[in-house]
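Colleague: I would like a close look at the charged pairs in this protein. Please take them one at a time and then set them in the context of the whole chain.

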Amino acid sequence: MQPSTDKSRPAYQQAYEVLRDMILQGTLPPGTKLVEEKLATDLNVSRTPIRESIRRLEQEGLVVNKRVVKLTETDLRNTFELRKLLEGHAAQCAAAFLSAQEVTTLEHCVHVGHTGSKEEIMEANKEFHEIIMRASNNALMIDLFDKMQSVIYLFRQTVVYYQRPFLIEEHHQICEAIKAHDGQTAERLMKEHLQSDLEFCLHLIR
């Protein structure tokens, strides 16, 4: 697998995405030692972006001591419990603080969810959750969210590519609650949405 040829994006970001996908898809199985020199040769990049990629994967919990870890069901459940706390709170904040322009962007994400390609839906899903998370205006919470991105990506990929029922409808309901400045409902809907994601993914991977 090679990084994309998109020169507008840093080599580190492209290498990170390739390594992340190789881990999540099992090309680099649990226990595999990540050797910088070999990966740099395989991906046709220098060792620096590989080193930076490994460091980020360690922060996200996919790599420990330069070895690929195995994500257990408990790991995934724990991740989603934390996501529900973070994103539930953020949804409540979004109902109070999002600008009209940001709400319009959320609505566009929902529209893409109904009409876009799988790749476009993946990106719209990511943007939808990130806009809401940023509404928390809490740097520590946003940092925790960012450190879970690899696992979040795994679930996003699963629910989009396997077309989880009601996924986009739930986004629409969350968006409407935020638009109506109903923070309590937005928080409840976000937590229910994430729980449904978890249950769908666990059913598939068991």
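Modeller: What follows goes through the salt bridges, then a buried serine, a surface patch and the overall fold. Please keep in mind that this is a predicted model.

The count comes to 17 salt bridges. Two of them can be taken together, since each has both partners in helix 4. In the first, the side chains of Glu 73 and Arg 77 meet with an N to O distance of 3.2 Å. Both residues belong to helix 4, which covers residues 73–97, and they sit four residues apart, about one turn of the helix. Glu 73 has a relative accessible area of 35% and is therefore partly exposed. Arg 77, at 34%, is partly exposed as well.

The second pair is Glu 87 with Arg 83, where the N to O distance is 2.6 Å. Glu 87 and Arg 83 again lie in helix 4, four residues apart, or about one turn. Their surroundings are another matter. The cut-off for buried is under 20% relative accessible area. Glu 87 has a relative accessibility of 1%, so Glu 87 counts as buried. Arg 83 has 4%, so Arg 83 is buried too. Helix 4 thus carries one salt bridge between partly exposed residues, Glu 73 and Arg 77, and one between buried residues, Glu 87 and Arg 83.

A pair of this kind is also found in helix 6. There Glu 130 forms a salt bridge with Lys 126, and the closest N and O atoms are 2.9 Å apart. Helix 6 spans residues 118–134, and because Glu 130 and Lys 126 are four residues apart in it, about one helical turn separates them. Lys 126 is partly exposed, with 27% relative accessibility.

Not every salt bridge stands as a simple pair. Glu 36, Glu 37, Arg 47, Arg 51 and Lys 66 are linked in a network of salt bridges.

Away from these bridges, Ser 150 is worth a look. Ser 150 sits in helix 8, residues 149–161, and its relative accessible area is 0%, so it is buried. Leaving aside residues up to four places away in sequence, Ser 150 touches Tyr 16, Arg 20, Leu 24, Leu 57, Glu 60 and Leu 62.

The surface also has a nonpolar patch. Tyr 161, Tyr 162, Leu 204 and Ile 205 form this patch, and together they have about 420 Å² of accessible area. One of its members, Leu 204, lies in helix 10, which runs over residues 183–205. Leu 204 is partly exposed, at 36% relative accessibility.

Now the whole chain. The secondary structure comprises ten helices and two strands, and along the sequence these follow the pattern α-α-α-β-β-α-α-α-α-α-α-α. The radius of gyration is 18 Å, close to the 17 Å given by the globule rule for 206 residues, so the protein is as compact as a globular protein of that length. Its C-alpha atoms fill a box of roughly 55 × 35 × 35 Å along the principal axes.

Of the 206 residues, 45% count as buried. Among contacts with a separation of 6 or more, 74% are between residues 24 or more positions apart. The protein exposes about 10,900 Å², and carbon and sulfur atoms supply 51% of that area.

How values were computed:
Residues numbered from 1 in each chain as written. Predicted model: local features only at pLDDT ≥ 70, side-chain atom pairs only at ≥ 80, totals over all residues. Heavy atoms only, no water. Buried < 20%, exposed > 50% of the residue type's maximum accessible area, 1.4 Å probe, protein only. Contact = heavy atoms within 4.5 Å. Salt bridge = Lys/Arg side-chain N within 4 Å of Asp/Glu carboxyl O. Patch = residues over 30% accessible without salt bridge, like charges linked within 9 Å, V, L, I, M, F, W, Y side chains within 5 Å. Areas by Shrake-Rupley, 256 points an atom, 1.4 Å probe, with all protein chains shown as cover. Rg over C-alpha atoms; globule rule 2.2 N^0.38 Å.
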